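Here is a friendly walk through one model, from its cysteines to its helices and surface. Please keep the sequence and the structure in view as you read.

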Amino acid sequence: ICEMCRSANIGCVACKMLLSDRLNNVLEPIRERRAFYEGRKDLVKGIIVEGTKKAKEIGSETVTTVREAMGIVI
């Protein structure tokens with residue numbers, strides 16, 4: 001596309017249409033997942049709650065490991 005653009009073998013509108021088509025192809029699965037979760041707010045809340053629990057566990061373990069390595073006893 002860059003070569004065609006630089007050599008004037010493709011116009012700006014045609015170039016932008018190609019870009020638009022490619023972007024829509026890439027974004028379509030993301031849009032589908034968004035629509036799925038948009039209608040399931042309780043599921044999303046549950047995912048967030050579970051993720052928060054896991055993150056707190058991992059963070060707590062990391063802090064404990066760092067404190068032990070530094071010799072900090074609380």
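A disulfide is defined here as a pair of cysteine sulfur atoms within 2.5 Å. The sulfur of Cys5 does not meet that cut-off, because the closest cysteine sulfur, in Cys15, is 5.3 Å away, too far for a bond. The sulfur of Cys2 has its closest cysteine sulfur in Cys5, at 7.2 Å, which is also too far for a bond. Over the whole structure, the search finds 0 disulfides. Cys5 is partly exposed, with a relative accessible area of 42%; in these terms buried means under 20% relative accessible area, exposed over 50%, and partly exposed in between (1.4 Å probe, protein chains only).

A word on what you are looking at: this is a predicted model, in which local features need pLDDT of at least 70 and side-chain atom pairs count only at pLDDT 80 or more, while totals for chains, interfaces and linings use all residues. Residues are numbered from 1 along each chain as its sequence is written, and side-chain values use heavy atoms, with hydrogens and water left out.

How confident is the prediction? The chain averages a pLDDT of 92, and 100% of the residues score at least 70, where pLDDT is the predictor's confidence in each residue, from 0 to 100. Confidence is lowest in helix α1 (residues 2-6), at a mean of 82, and highest in helix α3 (residues 41-70), at 96. Helices are DSSP runs (H or I, at least four residues), numbered from the N terminus.

Helix α3 has 30 residues and spans 43 Å from its first C-alpha to its last, close to the 44 Å expected at 1.5 Å a residue; the expected span is 1.5 Å times one less than the number of residues. After α3 comes Gly71, with a positive phi near 75°.

Ala8 also has a positive phi, near 60°, although Ala8 is not a glycine. Most residues other than glycine have a negative phi. Ala8 sits in the loop between α1 and α2 and is exposed, with a relative accessible area of 64%.

Now to the charged pairs. A salt bridge is a side-chain nitrogen of Lys or Arg within 4 Å of a carboxyl oxygen of Asp or Glu, and by this rule the count comes to 2.

| Salt bridge | N to O distance | Helix and spacing |
|---|---|---|
| Glu38 and Arg34 | 3.3 Å | α2, 4 residues apart |
| Glu50 and Lys53 | 3.5 Å | α3, 3 residues apart |

An α-helix has 3.6 residues a turn, so residues three or four places apart point the same way. In the α2 pair, Glu38 is partly exposed at 43% relative accessibility, whereas Arg34 is exposed at 56%. In the α3 pair, Glu50 is partly exposed at 42%, and Lys53 is partly exposed at 45%.

Which residues form the nonpolar patch on the surface? They are Leu19, Leu23, Val26, Leu27 and Ile30, with about 430 Å² of accessible area together. Leu19 lies in helix α2 (residues 12-38). Patches are made of residues with over 30% relative accessible area and no salt bridge, with like charges joined within 9 Å and nonpolar side chains (Val, Leu, Ile, Met, Phe, Trp, Tyr) within 5 Å. The accessible areas come from the Shrake-Rupley method with a 1.4 Å probe, and for residues only the protein chains shown count as cover.

Terms used. Helices (H or I, at least four residues) and strands (E, at least two) are DSSP runs, numbered from the N terminus.
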